[in-house]
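Please open the structure in your viewer and keep the selection tool at hand. The tour moves from the whole chain to single side chains, with a pause at each stop.

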Amino acid sequence: MRDNNVDQALRVLKKKMQREGIFREMKARKAYEKPSERKTREKAEAVRRNRKAARKQAIREGLIAAPKPKPRVAGPRRPMIAPGTGPRTEATESKV
């Protein structure tokens with residue numbers, strides 16, 4: 001934990017768990033999966049992986065065009081408010 005920052009440590013842990021597929025595995029283990037359903041799912045995953053690998057290979061070889069990057073659309077920005085100039089609440093009233 002850096003500087004005893006629990007929120008930051010939790011965020012790092014969740015990111016590592018997400019990357020390793022632990023959340024997906026936990027969700028899959030919640031309910032029983034029949035062997036036939038498991039085989040079907042695993043075959044579909046293998047097909048998806050192979051297609052993705054073939055698509056990347058074709059892009060590298062220049063056989064197909066790379067997908068255009070999606071434009072990043074920034075939402076409406078809220079103006080920065082200097083401390084003490086925001087709306088007054090009970091918490092700020094007691095300080096004044």
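What follows is a walk through a predicted model, one selection at a time.

**The whole chain**

Begin with everything shown as a cartoon, where you can follow four helices and zero strands, so that the order of elements from the N terminus reads α-α-α-α. If you then switch to a surface view, the accessible surface comes to about 10200 Å², and 55% of that area belongs to carbon and sulfur atoms. Of the 96 residues in the protein, buried ones make up 2%.

**Colouring by confidence**

Next, colour the model by pLDDT, which is the predictor's confidence in each residue. The mean over the protein is 84, and 75% of the residues reach 70 or more. Which element has the lowest mean pLDDT, and which the highest? Helix 4, residues 90-95, has the lowest mean, at 58, whereas helix 3 has the highest, at 95.

**Helix 2: one pair of charges**

Side chains of opposite charge can pair when their charged atoms come close, and the structure holds four salt bridges. To see one of them, select E25 and R29, whose closest N and O atoms are 2.8 Å apart. Both residues belong to helix 2, which covers residues 22-29, and because they are four residues apart there, about one helical turn separates them. Is R29 buried or exposed? With a relative accessibility of 64%, R29 counts as exposed, while E25, at 42%, counts as partly exposed.

**A network of three residues**

Now select R41 together with E33, and look for the salt bridge between them, in which the closest N and O atoms are 2.8 Å apart. Keep R41 selected and add E45, since R41 also forms a salt bridge with E45, here with 3.1 Å between the closest N and O atoms. R41 and E45 both lie in helix 3, four residues apart, or about one turn of the helix. Through salt bridges that share partners, E33, R41 and E45 are joined into one network. If you check how open these residues are, R41 counts as partly exposed at 32% relative accessibility, E33 likewise counts as partly exposed at 25%, and E45 is partly exposed with a relative accessible area of 28%.

**A positive patch**

For the last stop, return to the surface view and select R51, K52, R55, K56 and R60, which form a positive surface patch. Where does R60 lie? R60 lies in helix 3, which spans residues 35-61. Why can R60 be counted as exposed? Its relative accessible area is 60%, and exposed means over 50%, so R60 passes that cut-off.

Terms used:
Residues numbered from 1 in each chain as written. Predicted model: local features only at pLDDT ≥ 70, side-chain atom pairs only at ≥ 80, totals over all residues. Heavy atoms only, no water. Patch = residues over 30% accessible without salt bridge, like charges linked within 9 Å, V, L, I, M, F, W, Y side chains within 5 Å. Areas by Shrake-Rupley, 256 points an atom, 1.4 Å probe, with all protein chains shown as cover. Salt bridge = Lys/Arg side-chain N within 4 Å of Asp/Glu carboxyl O. Lys, Arg positive; Asp, Glu negative; His and termini not counted. Charge placed at Lys NZ, Arg CZ, Asp CG, Glu CD. Helix = DSSP H or I, 4+ residues; strand = E, 2+ residues; numbered from the N terminus. Buried < 20%, exposed > 50% of the residue type's maximum accessible area, 1.4 Å probe, protein only. pLDDT = per-residue confidence, 0-100.
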